[in-house]
Amino acid sequence: MGQVTVRINGYSYTVGCEEGQEQHLQAMAQEVERRIDRIRALGGHSGEGRLLALAALLMADEIHDLTAEKMSADTAHQLAQGRQARIENERRRDQLTHLVERAENIAAALERD
């Protein structure tokens, strides 16, 4: 198991991670730091716990938006698939109707002869 020391809001934290995930963990710490910087830029000069809580809420909001976008895209894809299936079913129904009409015409012609 690897260990990484990350720096968030001026404090160092040693965090354990899987081998090979050290850079990823550093990148995630930088993402948290960016949110803290945004909060400070908006005039949010408050305690450590409050800054971290607000950064976590910002990230949770971003995750929520991304999840909603993905769900919306998935729904649009499912609707498109449903429309395509309906079109295909209508095409097959028309083909079957045509075949039934041909069979009935052939049967009627045979009965006349």
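This note goes through the first strands, the loop between them and the nonpolar core of a predicted model.

1. Local features are given here only at pLDDT of at least 70 and side-chain atom pairs only at pLDDT 80 or more, whereas totals for chains, interfaces and linings use all residues. Residues are numbered from 1 along each chain as its sequence is written, and side-chain values use heavy atoms, with hydrogens and water left out.

2. Strands (E, at least two residues) and helices (H or I, at least four) are DSSP runs numbered from the N terminus. β1 and β2 pair in the antiparallel sense over seven bridges, where pairing requires that DSSP finds at least two bridges between two strands; Gln 3, for instance, has Gly 16 in β2 as its bridge partner.

3. Side chains alternate along β1, with Gly 2, Val 4, Val 6 and Ile 8 buried on one face, while Gln 3, Thr 5 and Arg 7 point to the other and are not buried. Buried means under 20% relative accessible area, with a 1.4 Å probe and protein chains only.

4. Asn 9 lies in the loop between β1 and β2, and in this hairpin, which has two residues between the strands, Asn 9 takes a positive phi near 55°. Asn 9 counts as buried because its relative accessibility is 10%.

5. The largest nonpolar core, a set of buried Ala, Val, Leu, Ile, Met, Phe, Trp, Tyr and Cys residues joined through side-chain atoms within 4.5 Å, has ten residues, among them Val 4, Cys 17, Ala 29 and Leu 51. To this core α1 gives the most, with four residues.

Key: Buried means under 20% relative accessible area, exposed over 50%, partly exposed in between (1.4 Å probe, protein chains only).
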